[in-house]
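Welcome! Here is a short tour for anyone meeting this structure for the first time. Take a look at the picture, then read on.

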Amino acid sequence: MLRLPTERVLFGLPGTVLFGLVVLLAVVAFVFSASRRIRVLLAGAPDPRFDRIGIRVRKTLEYAFAQRRMFRDFYAGVFHIFIFSGFVVLTVRTLALVAEGLFPGFTLLTGTPGNLYTLAKDVFEVLVLVGVGMAVYRRAFARPARLDLTVDAWIVLFLIALLIAADLLADGARVAMRPELASPWSPAVDAIGRGLAGLTPATLQGIYEGGWWIHLLDILFFANYLPYSKHFHILTAVPNIFFMKLDPAGRLSTPDLEKSERFGASRVEDLTWKSMLDGYACTECGRCREVCPTVLTGKPLDPRLFIAAVRDAVYEATPGILAGGSGRGNGDAGGGRRDLIGGWISEETIWACTTCGFCTSACPVFIVPAVDKIVEMRRHLVLEKAEFPKEMQAAFRGMETNGNPWGMAAASRADWAKDLPVVTMVEAEGKNIEVLFWVGCAGSYEDRAKKVSRALVELLSAAGVSFAILGTEETCNGDSARRMGNEYLFQVLAQQNVETLNGYAVKKIVTNCPHCFNVIRNEYPHFGGNYEVLHGTELVSRLIAEGRLKMGNAITQTISFHDPCYLGRYNGVYDAPRRVLESIPGLKLLELPRSRERGLCCGAGGGRMWMEEKLGSRINQARMREIADAGTDAVGVSCPFCMVMIGNAKEEIGAGTQPFDVLELARRAMA
Amino acid sequence: MNSLVAIAYVPDTETKIKIGADGKSIDEADVKWIVSPYDEYALEEALKTKEAKGAGTVTVVCVGPERAKTGLRECLARGADEAMWVDSGDSRYLDALATAKAIAAVAKEGSYDFLWFGQKGVGYDESLVGPMVAELVGLPHVGNVVHLAIGDGKITADREIEGAHEIVESSLPVALTAQKGLNEPRYASLKGIMGAKKKPIGERKLAAMGIPEAEPSGAKIRWRKLELPPGRKACHLIPADDPAAAAKELVRLLREEAKVL
Amino acid sequence: MKFLVFIEQREGRIRKASLEALSLARRLSGGPVAAVLPGKGVSALASDLGPYGAGVVYVADRDELAVYGNKGYVGALDAAAKKENPDAVLIAATAMGKDVAPRFAARHDVSVLADLMELRLEGDRLVGSRPVYSGKARAEVDCGAATLQVATTRPNVFPAEAQAGAAVRIDTLDLGEIAPRAKVVKIQASESKELDVAEADTIVSGGRGIKGPEGWPVVRDLQEALGAARGAARAVVDAGWIDHQHQVGQTGKVVSPTLYVACGISGAIQHLAGMGTSKVIVAINKDPEAPIFKVATYGIVGDLFQIIPEVAKAVRAAKAE
């Protein structure tokens, strides 16, 4: 005997009708919740993400379905893919069960496809249970520091375990009642069926019906729980990957300041819909927290909490936004909403970020946890309110008046090159210039960086490269201004520089500053500046490879290399500086534990160079300790700001590892 | 509480000074111009006063050539309500008295509780215009103000003098010159910058105000010659073999050559 | 050529800067000149001005002149000028002088040759030299065809020379009623150790070269000898050896004192951005390659723990002279 669960009267209603009502209620409730979440997204600022569909599909397959980034943590990657793939299969299973409940006797598939489906369901249900077991073990016993052990997580693990267990038990009881249904394609269910074999038919029928109902009620409840839980991730992660940023990582958005009436983000509605989706997609795994330099040094910015705050602010604002009708800009925050800045997120948090981008590259589902949102909030604070750490004003004014953040005389910009055979573009008039050397503010004014500028000049001259500088026509590239939120100042500087460069029809640029490199390469195209931009180490490594430079003098030392964020993580230039170091006789390159994609910030990015570091411990010292612990004689650096930070930290903690710019070493080794 | 803030638009303090072809003024070719830093303290204090009282206007005035308008716009961007440009025409160097007369004329046109000045305009570094305007308008004047408290119809100012501070009480209206330390000038928001583009700048012509601008006008400060001071090039290194002798030599140089002790 | 010199006194003590202006006037005129001395109980001081060049002293001795007020003090100068009818008026460019001179000049429809470092006569014309553009240039100036020439002289630049034997005639000024709208109600002496680095005219700063917080007494000794404010480079603030309010540089205070003494400071650009416009920079550092020497006016390469105490000693000796 076997009676299907809905083939009886329950609470005075035919089972199918009752079940139908339950399903209908659940679907209506889910559509209500989900549509609210989606309608709020529509109220966000525009951000076109429907381009390059082919690439998006490919990336989605790679990162959403093959979950490439998840396996950086192998244990988590394994149990996550168990649960994920189990859910994909289970979706089919659940739909089949719903159909069966409404139309008793419904069978999804028969024959070989049916058998394959049965096997898949059987195997993946077991895998999900194994995955949940691994997750429980990790939360209960391994407890990695990046995780917050929330009740929400336990609820979800319980719901998942329950729905699988209920289904397995129900199916097992069914097989126990009707042994002819046993199949070699469902080994797990059959094993359970055998285990239940001794029970009375009534008990088995009870287990079957109970398990069936529990499974389905669990899953209907689960679907409705998701939009109110961090596990909304389950529904939003795939679209979030699909809509990922495809523009260069180092390019920030460019608002049209002339046409804007509000600048930056101070309210939920000022965020782009994609920023809000980022919040939905976060499941609080804490991988961003694990790598963030401000977390490491005890500052208030924790990207995992930051994105959760953004999400919660969106949730809080939802009723108000939806009541105000569609579209954005319906009045200021109000109706009991906490302000985004100051309420949900403190100003200290906003100013703490170095924009190193490590959190962004750590996220398995391509959430941008902090950088773009923080820059938007900084834009609001600077452009709308002119409220920022007061020491920043000196840098802004220096850039405005003298074209460099230190405010050194603009007329002295080319003084470093006075006794060198360097021509300016003006002096070079008509001469065939192969490459423009973009010196940058540090390379022009900062003592150590000036020496590196000299080294590059001598390397280029030795290799017979014809080059010129802009001299006093060069001005700050604007990176710091932009990342400190002063978009207006950045755009003024960018337009001015692009005009100068285009005026000389510059095609190829070399610079030794990763910040200049990133901005000119990735952000100037928006202003009509399109150039081939090389970092100093890229050009020099090429010249060495082509035999135009000979590294003849040995430097017998061990050396590590500190990757600058805006060279490595943002632009993928990891090998060029290493190739230069490896080409120097006697120099032995050893990798730091955190290097390349996992390189730790020096603390200067995002305009932090121009701010006081008053909270927590020092990022540069934390990094210098890692470098010193590696035990090499020297550390290679390829950014003037890293050099200042690492150099200061070396003195402060009394480390013995000497920092050298890669080009300084190349100059010394040049035969 | 209405304030009139007189500003000077001057070469940036980092500017490399080059002597002009006439040998008595600077070559303005690559000069970056800024609102004189002391005038920023004056403007900031006027803005703070207005904000604290929740009423009143802040008017800025600048006497100078066309570029003075850029300086006035900066002040409007920071929050000044109105601006007045007194066109000094082709005059390369207007002396303090002529400038003061122009500002005094503007001051008399309005009704101001405060006439604000910077302690000096960097560049000429004369510290003359503020007290001169006070004299011409007939107002009390407190110079070198580092702290200001506004009472009912009067003010109490903390003024810096050599090695001490004078606490000065004055009735209103009053002329004040701002010293460093009075406040921390604000940065203009983009909202302010955009708004400033739309605000009109009033214009006066120096000549039309009956103020003589060009030489020879009798009593007028004239720059006869401008030169770069000798020997500010390399560092004068004092041998340190004998610390006591080195110290004596250093003190001698500070007194006799640099004249700062 | 008739000179009138404004004499400044505070609490019965005549300012040296006024004696310098007085001696200068005598040197230029070739004989005794007139002086004006406002204050309370100052009549007794008038004869002290003789040796420095005063032939006649116009005295305004009134209770209302006990503390400075431009109404009374400019009024006294004005009254003396009416009696003396001078061709030139010299005033020391002190805080008081900078208040008196422009007011007095404007009243007579002339301007001021301000803050002179040199002054000579060409016929009956004053020709002065003054620093402009923060000392980056020097301007030679005169005041055109003005019949009344007013000049202020920078303190400590011109010598105050006493000569024996000169008799002083005292002429008492009648000022009428003095009812100022602005009044000094209190004078507070500043304590040098409390001087704010942003406002100070002299700064002594310490950098990493002071080795540790125990290095401060050496720096403080020189700071006190000079009556200077204490500054610090970022490194020592970061290290916690001193509070952030003393930090000079890009992210600290931007200063522009007359004298800046950098002790054990290498001169990284973030520091130079905060003090590069100082008029005179003294660098004491053991590393001759330190970038601070590129901006310094005077430098001593050596151990600051040996050199600074000697400098403090020499400063005290010089001040005692």
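Let us begin where two chains meet: in this predicted model, chain C uses 11 residues to contact 14 residues of chain A. Two helices of chain C, α5 (234–238) and α6 (269–275), each supply at least two residues of the side that touches chain A. By character, the residues on that side of chain C divide into seven nonpolar, two polar and two charged.

Next comes a sheet that brings together strands from chains B and C. It is an open sheet of 10 strands with mixed pairing, in the order β11(B)-β5(B)-β4(B)-β1(B)-β6(B)-β10(B)-β7(B)-β8(B)-β9(B)-β13(C). Which strands stand at the edges? They are β11 (201–205) of chain B and β13 (182–189) of chain C; each has a single partner strand, so one side of each is left without a neighbour in the sheet. From one strand to the next, the twist averages 30°.

Strands of a sheet pair through backbone hydrogen bonds, either parallel or antiparallel. Here, strand β5 (residues 82–87) of chain B runs parallel to β11(B), and five bridges join the two. Within β11(B), Glu203(B) is the bridge partner of Trp85(B).

Finally, a word on confidence. The predictor gives the complex an ipTM of 0.91 and a pTM of 0.92. In chain C, 98% of the residues have a pLDDT of at least 70, and the table adds some averages.

| Part of the model | Mean pLDDT |
|---|---|
| Chain C | pLDDT 91 |
| α5(C), lowest among the elements of chain C | pLDDT 86 |
| β1 (residues 3–6) of chain C, highest among the elements of chain C | pLDDT 98 |

Definitions and conventions
Residues numbered from 1 in each chain as written. Chains lettered and ligands numbered in written order. Predicted model: local features only at pLDDT ≥ 70, side-chain atom pairs only at ≥ 80, totals over all residues. Contact = placed C-beta atoms within 7 Å. Helix = DSSP H or I, 4+ residues; strand = E, 2+ residues; numbered from the N terminus. Nonpolar A, V, L, I, M, F, W, Y, C, P; charged D, E, K, R; others polar. Pairing = 2+ DSSP bridges. Axes fitted to C-alpha atoms, helices over the stretch in contact; angles between N-to-C directions. pLDDT = per-residue confidence, 0-100.
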